[in-house]
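Visitor: Could you take me through one part of this protein in close-up, the nonpolar patch on its surface? I'd like the cut-offs along the way, please.

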Amino acid sequence: MSVDKQTVAKIASLARIKMGDDELEHLVPELNNILEWVEQLGEVDVEGIEPMSAVIPNRLRLRDDVIDADPKTAGGRRDDVLANAPAAEHGFFGVPKVIE
């Protein structure tokens with residue numbers, strides 16, 4: 001796959017980027033080199049390789065989801081929290097409608 005000057009001009013117009021003819025001429029070989037490199041990546045044999053999201057193994061450090069872990073800040077205090085709310089409805093904070 002390769003691009004020409006007209007394709008680059010169309011991409012620039014879709015992106016609302018104003019470019020002169022000399023800039024378009026300069027970008028054509030650069031974009032073609034990028035597309036050639038992407039095609040080379042497609043030729044790599046990845047059979048049997050698991051997809052990954054990072055190069056190093058990462059694990060999320062999550063806390064245990066325990067209710068009433070701390071009696072001052074944890075669960076079981078809904079009524080105390082809602083006592084300060086300007087509007088409470090069915091055990092939740094009441095908020096004004098923003099969409100009719």
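Guide: Definition up front: a patch is made of residues with over 30% relative accessible area and no salt bridge, where like charges are joined within 9 Å and nonpolar side chains (Val, Leu, Ile, Met, Phe, Trp, Tyr) within 5 Å. A salt bridge here is a side-chain nitrogen of Lys or Arg within 4 Å of a carboxyl oxygen of Asp or Glu, and accessible areas come from Shrake-Rupley with a 1.4 Å probe, with only the protein chains shown counting as cover for residues. Keep in mind that this is a predicted model, so local features need pLDDT of at least 70 and side-chain atom pairs count only at pLDDT 80 or more, while totals for chains, interfaces and linings use all residues. Residues are numbered from 1 along each chain as its sequence is written, and side-chain values use heavy atoms, leaving out hydrogens and water.

Now the patch: Ile 34, Trp 37, Val 38, Leu 41, Val 44, Val 46 and Ile 49 together offer about 700 Å² of accessible area. One of them, Val 44, sits in the loop between helix H2 (21-42) and helix H3 (78-82); helices are DSSP runs of H or I with at least four residues, strands are E runs of at least two, and both are numbered from the N terminus. Val 44 is partly exposed at 48% relative accessible area, that class lying between buried (under 20%) and exposed (over 50%), again with a 1.4 Å probe and protein chains only.

Zooming out, 9% of the 100 residues count as buried. The accessible surface of the protein is about 9800 Å², with 56% of that belonging to carbon and sulfur atoms. The C-alpha trace spans about 70 × 45 × 20 Å along its principal axes.
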